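The following exercises concern a single protein chain. Each task is followed by a solution that proceeds step by step.

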Amino acid sequence: MRIILILIFSFFQLILFSQNKFKALDRNKYDLKKNCRIYEYYDEFKKLNYFKTSDILVSKSMSSYNSLEATIYKRINNDKDFTYYINFFTDKKECINENSSVEILFNNGNMIKLPNISNKIECGTGSLNVLLSEVHLSEIKNLEIDKIRLSFIDRYYDFEIDKNRIIKLIENLDCLIQID
């Protein structure tokens with residue numbers, strides 16, 4: 001029993017350490033709007049800057065049973081090349097692989113399908129990470145999102161999107177775009 005408690009305690013320390021590597025961004029350094037909630041982290045080994053938004057509840061449901069949250073990340077290397085990706089997460093505990101995806105349905109009927117960036121099988125997760133191209137960024141910013149589907153290995157979940165909450169996500173995306 002003692003070993004189990006030590007392992008659990010060590011696991012929580014690891015989680016806390018990994019979550020604390022991101023620090024609040026100095027708005028004055030990047031001349032960002034006051035409502036920007038952006039965090040940054042510099043990886044000295046990989047020579048990469050990481051920026052992320054706060055976690056934002058985007059689904060209509062506020063119950064933990066059927067809620068969907070999203071965090072947008074921007075990674076910048078020393079050559080100033082950048083990559084955007086979104087982490088969608090829910091309370092569902094499923095298995096993912098390279099065929100897992102996120103589908104975004106817009107109110108005009110357009111849809112984009114974004115593949116999971118991991119090519120390994122992972123079970124017990126409710127999280128999917130997807131890359132965003134410039135086209136995807138534009139669509140997400142300029143079209144109204146109606147629903148989001150998370151597709152896992154053997155099932156999918158649909159989430160209705162709250163229009164006011166998604167506006168906050170778009171505002172934070174605009175903040176990330178300003179950072180170079």
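**Exercise 1. Determine how much surface the protein chain exposes and which share of it carbon and sulfur atoms supply.**

Solution. The accessible area is computed by the Shrake-Rupley method with a 1.4 Å probe, and for residues only the protein chains shown count as cover. On this basis the protein chain exposes about 11000 Å². Carbon and sulfur atoms supply 52% of that area. The model is a predicted one, in which local features need pLDDT of at least 70 and side-chain atom pairs count only at pLDDT 80 or more, whereas totals for chains, interfaces and linings use all residues. Residues are numbered from 1 along each chain as its sequence is written, and side-chain values use heavy atoms, with hydrogens and water left out.

**Exercise 2. State how many helices and strands the protein chain has, and what percentage of its residues is buried.**

Solution. Helices (H or I, at least four residues) and strands (E, at least two) are DSSP runs numbered from the N terminus. The protein chain has 4 helices and 11 strands. Next, a residue is called buried under 20% relative accessible area, exposed over 50% and partly exposed in between (1.4 Å probe, protein chains only). Of the 180 residues, 40% are buried. Finally, contact means heavy atoms within 4.5 Å; among contacts with a separation of 6 or more, 55% are between residues 24 or more positions apart.

**Exercise 3. Identify the disulfide and explain why it is right-handed.**

Solution. The criterion is a pair of cysteine sulfur atoms within 2.5 Å. This rule yields 1 disulfide. Its partners are Cys95 and Cys123, with sulfur atoms 2.0 Å apart. Cys95 belongs to strand E6 (residues 82–96) and Cys123 to strand E9 (residues 122–132), so the bond ties together parts 28 residues apart in sequence. The torsion about the S-S bond of Cys95 and Cys123 is about 115°, and therefore the disulfide is right-handed. Cys95 has a relative accessible area of 23% and is partly exposed.

**Exercise 4. Describe how helix H3 and helix H4 cross.**

Solution. Axes are lines fitted to C-alpha atoms, for helices over the stretch in contact, with angles from 0 to 180 degrees between N-to-C directions. The axes of H3 (residues 134–142) and H4 (residues 163–178) come within 10 Å and cross at roughly 140°. This makes H3 oblique to H4; angles under 35 degrees count as roughly parallel, over 145 as roughly antiparallel, 65 to 115 as roughly perpendicular and the rest as oblique. The crossing is left-handed, a term for a near helix turned anticlockwise from the far one by less than a right angle. Leu137, Ile140 and Lys141 in H3 meet Ile170, Leu173, Asp174 and Ile177 in H4.

**Exercise 5. Locate Lys23, Lys47 and Asp55, and characterise their surroundings.**

Solution. Lys23 lies in strand E1 (residues 23–24) and is exposed, at 51% relative accessibility. Beyond its neighbours within four places in sequence, Lys23 contacts Ile38, Tyr39 and Glu40.

Lys47 sits in the loop between strand E2 (38–43) and strand E3 (48–53). Its phi is near 55°, a positive value in a residue other than glycine. Lys47 is partly exposed, at 42% relative accessible area.

Asp55 occupies the loop between E3 and strand E4 (56–57) and is partly exposed, at 43%. The C-alpha atoms of Asp55 and Asn87 are 9.2 Å apart, although 32 residues separate them along the chain. Leaving aside neighbours within four places in sequence, Asp55 is in contact with Glu69, Ala70, Thr71 and Phe89.
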